[in-house]
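Reader: I have a predicted model open and want to know what stands behind its labels. Can you take me through them?

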Amino acid sequence: MNHLLAGVGRCEITPAPGTPQGGWGAQTHQRGLGSDMPLYATALVLSDLCKSVAILDVDAIGFDKEWSTRIMDAVEGLTKLPREHIRFSCTHTHSGPNTFRLHTITEGLDMILSYLDGLPRRIASAVWQAQQNLKPVRCAAGKGLCEINVNRRLKLEDGSVVLGKNWDGPVDHTVRVVRFDDLDENPLATILHYACHPTTIAWQSQFVTPDYPGAARQVMEQQVGGTCLFLQGATGNIGPRCGFTGDLRVYRRQGKILGLEGAKVATGLQTVKRTDKFTGVLQSGAPLAIYEEVNTEQDPPVLRVLSKRLQLPVARFRPVVELEAETEKSRQEYVRLQESGTEEEIRTARSKVTQSGMRAEIARLYQGKTHIDWQLQGIRIGSIALLSVPGEPFTEINQQIVSGSPFVDTLFSGYSNGGFGYLPVRSAYEEGGYEVEVSPFSPEAADIVVKEGLQMLRELAAGE
């Protein structure tokens, strides 16, 4: 009988020492000293002989529209896959190379541009490699729990919202795992899905890391076998319980905790369905019932891919000229303090440049527009659904989609197929805070993502 086919590929994408590193406004350095763990682009290609889909896991904070397009062009060109059948997801590590705010780099720009120039071909090569290794597989999915994450929107006594630890806020501790085995039940690949901002390693560290996703992948591969992909969840308002540190041991420990939970789930999964057949009684010290395991061959899982361009409403912005003036004023103060200020003054000034620059950049991109083109992509693998959008959706969006999904296992993610932008829910706009201030979207956007996401899941479930 026909089987689902799967293949995996991987290419290292660790930047050279001296490449601009980090995604923090508070950091006072630009160049990274080296890497604590390798960074990778990992690919899983699935095929039912009629169609193929590629799922990419890339250790990066993300890419702007230009570089996202270049990467997708390279994958499409090398693999000949339709663009709608390519899912390009980033782990969103904040201690990787600075690939998303190139205009802020004043030291080492040539090195990051050189790094970026070679990246599309490297990422595409992982997908191409996966295509060459296709073999028949069976798959299964399961869930576990891991509490290394927490809602990060902390309301202070004065009513302001900062990024901290809100123990009473909504959070999803679910660890979702998909396992792919060859026909001899040897693990070929696993998908590890979890929602938590990779902000464990922060402005204090000058070392490139994949943060906890890289450490968790490593543990999964050691304990389960095969190749592991990490897919980030809906983490717009979710952060690590232990974060904002320069201690590299912390992200390795957090990743180990998550990886061991994922490995437990994966090890307990059986990709071959079995039933016990009673064969008789064996007399021993007591009469013992004897059973024979009988394999139940099942039809291969349905593979489907859908993609839709959503039109999400744009937020209202202050005038660009006003925001740019604020950014320039902050920049001048930062330059002045670099010569005579303390380290704390310099850090504070740099953070103000970053914050004002983000607000000005978003206004420049979207001022005058009424809607933003935003991709919604769905992949069905039997009773498993992978649904993704660009940007940083809040966890409440995930909760609504998963609870209303017709699939047994639904993995909802952000950070996919390019594009930056927080997707807060309506209640967050009433509270304010960082995510709302830098979001390009109006309060209605989250409701549209939920509605359209559930509709796509129903369409995936209906099609055979």
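Reader: What makes Gly368 count as exposed?

Author: Its relative accessible area. The cut-offs are under 20% for buried, over 50% for exposed and partly exposed in between, with a 1.4 Å probe and protein chains only. Gly368 comes out at 77%, so it counts as exposed. You'll find Gly368 in the loop between α6 (343-366) and β17 (371-381). Its C-alpha is 32 Å from that of His85, with the two positions 283 residues apart in sequence.

Reader: What ground rules sit behind these values?

Author: This is a predicted model, where local features need pLDDT of at least 70, side-chain atom pairs count only at pLDDT 80 or more, and totals for chains, interfaces and linings use all residues. Numbering runs from 1 along each chain as its sequence is written, and side-chain values use heavy atoms, with hydrogens and water left out.

Reader: How many helices and strands are there, and what counts as one?

Author: The protein chain has 10 helices and 21 strands. Both are DSSP runs numbered from the N terminus: H or I over at least four residues for a helix, E over at least two for a strand.

Reader: How do you know whether the radius of gyration agrees with a compact globule?

Author: Take the rule, 2.2 Å times the number of residues to the power 0.38, with the radius itself computed over C-alpha atoms. For 464 residues a compact globule would be near 23 Å, and the protein chain has 23 Å, so the two agree. The C-alpha box along the principal axes is roughly 90 × 50 × 45 Å. As for burial, 56% of the 464 residues count as buried.

Reader: What share of the contacts joins residues 24 or more positions apart?

Author: Contact here means heavy atoms within 4.5 Å. Among contacts with a separation of 6 or more, 78% are between residues 24 or more positions apart.

Reader: Why is Gln27 called buried, and what does it touch?

Author: Gln27 has a relative accessible area of 3%, so it is buried. Gln27 sits in the loop between β1 (4-12) and β2 (34-35). Leaving out residues up to four places away in sequence, Gln27 touches Gln21, Gly22, Trp203 and Arg350. The C-alpha atoms of Gln27 and Ala202 are 8.1 Å apart, although 175 residues separate them along the chain.

Reader: Is Asp409 buried or exposed?

Author: Buried, because its relative accessible area is 6%. Asp409 belongs to strand β20, and its contacts beyond four places in sequence are Ala141, Gly142, Lys143, Ser383, Ile384 and Ala385.

Reader: What makes Arg217 and Asp57 a salt bridge?

Author: The rule asks for a side-chain nitrogen of Lys or Arg within 4 Å of a carboxyl oxygen of Asp or Glu. Arg217 and Asp57 meet at 3.1 Å, N to O, and that fits. Arg217 lies in helix α3 (residues 211-224) and Asp57 in strand β4 (residues 52-58), so the pair ties together parts 160 residues apart in sequence. Arg217 is buried at 3%, and Asp57 is buried at 0%.

Reader: Which partners does Arg318 have?

Author: Glu322 pairs with Arg318 at 2.8 Å, N to O, and Glu326 does so with closest N and O atoms 2.3 Å apart. Arg318 is partly exposed at 35%, Glu322 is partly exposed at 37%, and Glu326 is partly exposed at 30%. Elsewhere, salt bridges with shared partners join Arg152, Arg153, Glu431 and Glu435 into one network. By this rule the count comes to 31 salt bridges.

Reader: What is unusual about the phi of His92 and Asn417?

Author: Most residues other than glycine have a negative phi. His92 isn't a glycine, yet its phi is positive, about 80°. Asn417 isn't one either, and its phi is about 65°. His92 is in the loop between β5 (86-90) and α2 (109-132), while Asn417 is in the loop between β20 (409-413) and β21 (422-423).

Reader: Are those two buried or exposed?

Author: His92, with a relative accessible area of 3%, is buried. Asn417 has 14%, so Asn417 is buried too.
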